[in-house]
Amino acid sequence: MLTAVKLEKTYRRHAVQVRVLNGLDLEVQTGEFLSIVGASGSGKSTLLHLIGTLDTPDTGRVLLDGKRIDNLPSRDRDRLRNRTFGYIFQFYHLLPELNAVDNVLMPAYIGHSVLTWWQTRRQWRRRAEELLELVGLKHRLKHRPRELSGGEMQRTAIARALLMDPRVLLADEPTGNLDTEAGSEIVRLLRDINHNKGVTIVMVTHNMEIVSATDRVVRMVGGVVTDDTPAPRQSFQPRLAAV
Ligand code: ADP
Ligand code: MG
């Protein structure tokens, strides 16, 4: 479904060049929950940004359903980022002045004209509330980020990532700022979403414990993927109904 072909990326800062991706190839299958592991600085975030068209490779290609997406005009990439991909980050990136529902609504607000938004806002609001219920935050709809725990903020970010019904979730160290218990709850939630909604998930992490919840693990070393092995699979029971 998603393919990275011979990706190369070098960052240039003044006279310093850092070659981060070195001809990296990767294939992500439809419906799989893939984890990408590797040392800090090994280029995991860079790879995720290229796959999600948040940044562009120096050379190489990114394909979605066999069609190139890395070189699309910016309007088309905006649309992909709004509709096809959902993004989850280590530090949540919630807007501090907005409550949970309004944070979740952001992609719909951004992705529509003023008129369409005005006409459909009630449906979107209902959907945002349903998604917050799905992630276990029915009792936190009006809370602002600073009134939420880390795990709750990440759940809000996951609900936001799901709002536009994306095909792919890209998660960059989603448990990196959480304690073990909250972290495993987040991975369990992602596993449920993958299972119940058929959403493909690519998750970057350096927490080897949580990769056991995923279908496959790839490791990055030296700017390429070095191994590609099935994760030891635990039995994660889906508990959530699909929305
Ligand atoms: P990881 O997510 O695996 O920790 P990153 O992809 O964030 O790794 O970064 C890989 C390397 O690229 C690091 O050495 C980092 O310092 C460097 N790097 C990342 N982003 C930039 C940037 N925008 N400008 C310059 N160097 C960067
Ligand atoms: Mg990173």
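A salt bridge is a side-chain nitrogen of Lys or Arg within 4 Å of a carboxyl oxygen of Asp or Glu. By this rule the count comes to 13 salt bridges in this predicted model. The legends below describe some of them, together with other close-up views.

**Figure 1. A salt bridge joins Arg 167 and Asp 65.** The closest N and O atoms of Arg 167 and Asp 65 are 2.9 Å apart. This pair links distant parts of the chain, with the two positions 102 residues apart in sequence. Arg 167 belongs to the loop between α5 and β7, and Asp 65 to the loop between β4 (59-64) and β5 (67-68). Arg 167 is partly exposed, at 35% relative accessible area. Asp 65 is partly exposed too, with a value of 44%.

**Figure 2. Asp 70 pairs with Arg 68 in a salt bridge.** The N to O distance between these side chains is 3.0 Å. Is Asp 70 buried or exposed? Asp 70 has a relative accessible area of 9%, so it is buried. Its partner Arg 68 has a relative accessibility of 36% and counts as partly exposed.

**Figure 3. Arg 144 and Glu 97 form a salt bridge between two loops.** The closest N and O atoms of this pair are 3.3 Å apart. Arg 144 lies in the loop between α4 (114-134) and α5, while Glu 97 lies in the loop between β6 (85-88) and α3, so the salt bridge ties together parts that are 47 residues apart in sequence. Arg 144 is partly exposed, with a relative accessible area of 31%. Glu 97 reaches 54% relative accessibility and counts as exposed. Elsewhere, Arg 155, Glu 185 and Arg 188 are joined into one network by salt bridges that share partners.

**Figure 4. Helix α3 crosses helix α5.** Which residues do the two helices cover? Helix α3 runs over residues 100-111 and helix α5 over residues 150-162. Their axes come within 7 Å and cross at roughly 35 degrees. The crossing of α3 past α5 is right-handed. On the α3 side, the contact is made by Ala 100, Asn 103, Val 104 and Pro 107. On the α5 side, it is made by Thr 156, Ala 159 and Arg 160.

**Figure 5. His 93 and Ala 157 are separated by 7.6 Å in space, C-alpha to C-alpha.** In sequence, His 93 and Ala 157 are 64 residues apart. His 93 is found in the loop between β6 and α3. His 93 has a relative accessible area of 48% and is partly exposed.

**Figure 6. Leu 7 is a buried residue of strand β1.** The relative accessible area of Leu 7 is 0%. Which residues is Leu 7 in contact with, leaving aside its neighbours within four places in sequence? Among them are Leu 21, Asn 22, Gly 23 and Leu 24. Leu 47, Leu 50 and Pro 57 are also in contact with Leu 7, as are Thr 59, Gly 60, Arg 61 and Val 62. Leu 7 and Leu 21 are 14 residues apart along the chain, and their C-alpha atoms are separated by 6.3 Å.

**Figure 7. Helix α2 has buried residues.** This helix spans residues 74-83, and its buried residues are Arg 77, Leu 80 and Asn 82. What covers these buried residues of α2? The cover includes β4, β6 and α3.

**Figure 8. Tyr 11, Val 16 and Val 18 form a nonpolar patch on the surface.** Together, the three residues have about 250 Å² of accessible area. Val 16 is part of strand β2, which covers residues 16-28. Val 16 is exposed, with a relative accessible area of 51%; the cut-off for exposed is over 50%.

**Figure 9. His 14 has a positive phi although it is not a glycine.** The phi of His 14 is about 50 degrees. His 14 sits in the loop between β1 (2-13) and β2. With a relative accessible area of 82%, His 14 is exposed.

**Figure 10. Glu 173 has a positive phi although it is not a glycine.** Its phi is about 50 degrees. Glu 173 lies in the loop between β7 (168-172) and α6 (180-197). Is Glu 173 buried or exposed? Glu 173 counts as buried, because its relative accessibility is 11% and the cut-off for buried is under 20%.

Methods. Residues are numbered from 1 along each chain as its sequence is written. Chains are lettered from A and ligands numbered from 1 in the order in which they are written. This is a predicted model: local features need pLDDT of at least 70, side-chain atom pairs count only at pLDDT 80 or more; totals for chains, interfaces and linings use all residues. Side-chain values use heavy atoms; hydrogens and water are left out. Patches are made of residues with over 30% relative accessible area and no salt bridge: like charges are joined within 9 Å, nonpolar side chains (Val, Leu, Ile, Met, Phe, Trp, Tyr) within 5 Å. Accessible areas come from the Shrake-Rupley method with a 1.4 Å probe; for residues, only the protein chains shown count as cover. Helices (H or I, at least four residues) and strands (E, at least two) are DSSP runs, numbered from the N terminus. Buried means under 20% relative accessible area, exposed over 50%, partly exposed in between (1.4 Å probe, protein chains only). Axes are lines fitted to C-alpha atoms, for helices over the stretch in contact, and angles run from 0 to 180 degrees between N-to-C directions. A crossing is left-handed if the near helix is turned anticlockwise from the far one by less than a right angle, and right-handed if clockwise. Contact means heavy atoms within 4.5 Å.
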